[in-house]
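Student: I have a structure to look at and would like to go through its domains and its ligand. Can we take them in turn?

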Amino acid sequence: MRVVVVGAGLAGLAAARELVAAGCTVTVVEKSRGLGGRMAARRIEGTVVDHGLPVLEAPEGGALAGLVGRLAVEDRVRIERPELGPDGAPIGTGAPRWGWGPGMTRLPKAMAENLEVVTGARVAALRAGRDGIEVAQDQGNTLGVADRVIVSAPAPQAADLLEASPEGGERVAALRAVAYAPAVMILAGLRLEAEPEWSAVRPADGPLMRVGIESAKGRPPVDGVVPVVARMTAAASARLMDAADDLALDEALPALAAVLGEAAREPAWSQVKRWRYAVPTRRLDQEVMNPGGSRVILCGDAVAADPGIAAVHETGIWAARRVLGGA
Ligand SMILES: Cc1cc2nc3c(=O)[nH]c(=O)nc-3n(C[C@H](O)[C@H](O)[C@H](O)COP(=O)(O)OP(=O)(O)OC[C@H]3O[C@@H](n4cnc5c(N)ncnc54)[C@H](O)[C@@H]3O)c2cc1C
């Protein structure tokens, strides 16, 4: 069986690994140059900052915990410092929380090690061909023919792709109804007098919804500069999504100073990163979205059973099993 997986994020890579283990011929096609999708990291001034998923929470005994226990273990860091809620009390499910010294992308890179992955290639359409589904790029170039295609892109992009496929129909409308909260991320290096005892905090009000200390993930300060990532609230992010970086920083840095002290007003370095589709605000049922006989199968966070990252991983495994006839 030949399978093309669209997207090299956590869900797509999980699907591809499962299929390869079952003996399928699999190609993962990813539009970006890097792997990991929203598990994203950026190298800045001698350190690394995770500007997508901040922490990987893997409930013990689950498939994701199994993966974390096997791959990239040498760079794995269990985050021990608590994350504090708006009232200052620790939040979270109690499941182990992980990061990787070289950045969140370390896990997807390890997942992709024995896979065939084509990066920098955007899938624009899926066409019915004589020998299967033809996977086409923008210019009409073909990326191959597959018996099944697994689509792991965020819902709006998955809807575009499904619409340009022989299997559009009601699934397109359902995907289009899934809205995503945007996220404007402030990446800053701060000369703090002391590092906080927490790994992240959720301010009670203001334009920031989360402030994370990246050194809690095994990245010690470089020249006394502590790497910090602040995610702006959905409302502030929507407002600033297309604004100049300076406007986002003008709003975020005073709020960061309220959390971490005056040093935040004059960072040693700062960058702004934007996600138009960060987190879905509602989810669809994966079983309903993939009726029996579908040759284009959907996975990813839009069809996860719950908001946790472990559930996103499981959608990839489910999609692979559906291809194999077992789901
Ligand atoms: C700032 C931020 C904070 C977050 N915080 C949390 C959190 O605290 N907890 C939590 O559980 N989740 C969080 N998330 C969400 C979490 O990161 C995602 O749910 C998860 O990473 C999604 O994985 P995925 O594989 O479904 O999709 P993605 O990681 O988006 O992977 C899909 C891939 O498909 C590729 N692609 C899309 N279209 C095409 C195409 N046409 N052709 C080829 N490739 C294509 C994309 O480039 C991407 O690499 C956060 C996300 C962001 C951005």
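Student: Which domains does the domain assignment of the protein chain give?
Tutor: This is a predicted model. Each domain in the assignment is made of separate stretches of the chain, joined here by plus signs. The assignment gives domain 1 (2-35 + 112-178 + 282-324) and domain 2 (41-108 + 179-280).

Student: What distance separates the centres of domain 1 and domain 2?
Tutor: The centres are taken over C-alpha atoms. On that basis, the separation of domain 1 and domain 2 is 28 Å.

Student: Which element gives the largest share of the side of domain 1 that touches domain 2?
Tutor: The contact takes 20 residues from domain 1 and 14 residues from domain 2. On the domain 1 side, the elements giving two or more residues are H1, H4 and H9. The largest share there is 5 residues, and it comes from H9.

Student: How do the residues of that side of domain 1 divide by class?
Tutor: The side meant is the one that touches domain 2. Its residues divide into 13 nonpolar, 3 polar and 4 charged.

Student: Where does the ligand lie with respect to the two domains, and why?
Tutor: Of the 36 residues around the ligand, Gly-7, Gly-9, Gly-37, Ala-153 and Gly-300 come nearest. Elements giving two or more residues to this shell include helix H1 (10-21) and strand E15 (180-190). Because domain 1 and domain 2 both give residues to the shell, the ligand lies between them.

Student: How many residues of each class does the shell around the ligand have?
Tutor: The shell is sorted into nonpolar, polar and charged residues. The counts, in that order, are 20, 10 and 6.

Definitions and conventions: Residues are numbered from 1 along each chain as its sequence is written. This is a predicted model: local features need pLDDT of at least 70, side-chain atom pairs count only at pLDDT 80 or more; totals for chains, interfaces and linings use all residues. A residue is near a molecule or strand if its C-beta atom, placed from the backbone, lies within 6 Å of it. Helices (H or I, at least four residues) and strands (E, at least two) are DSSP runs, numbered from the N terminus. Ala, Val, Leu, Ile, Met, Phe, Trp, Tyr, Cys and Pro count as nonpolar, Asp, Glu, Lys and Arg as charged, and the others, Gly among them, as polar. Domain bounds come from an automatic or database domain assignment. Two residues are in contact if their C-beta atoms, placed from the backbone, lie within 7 Å.
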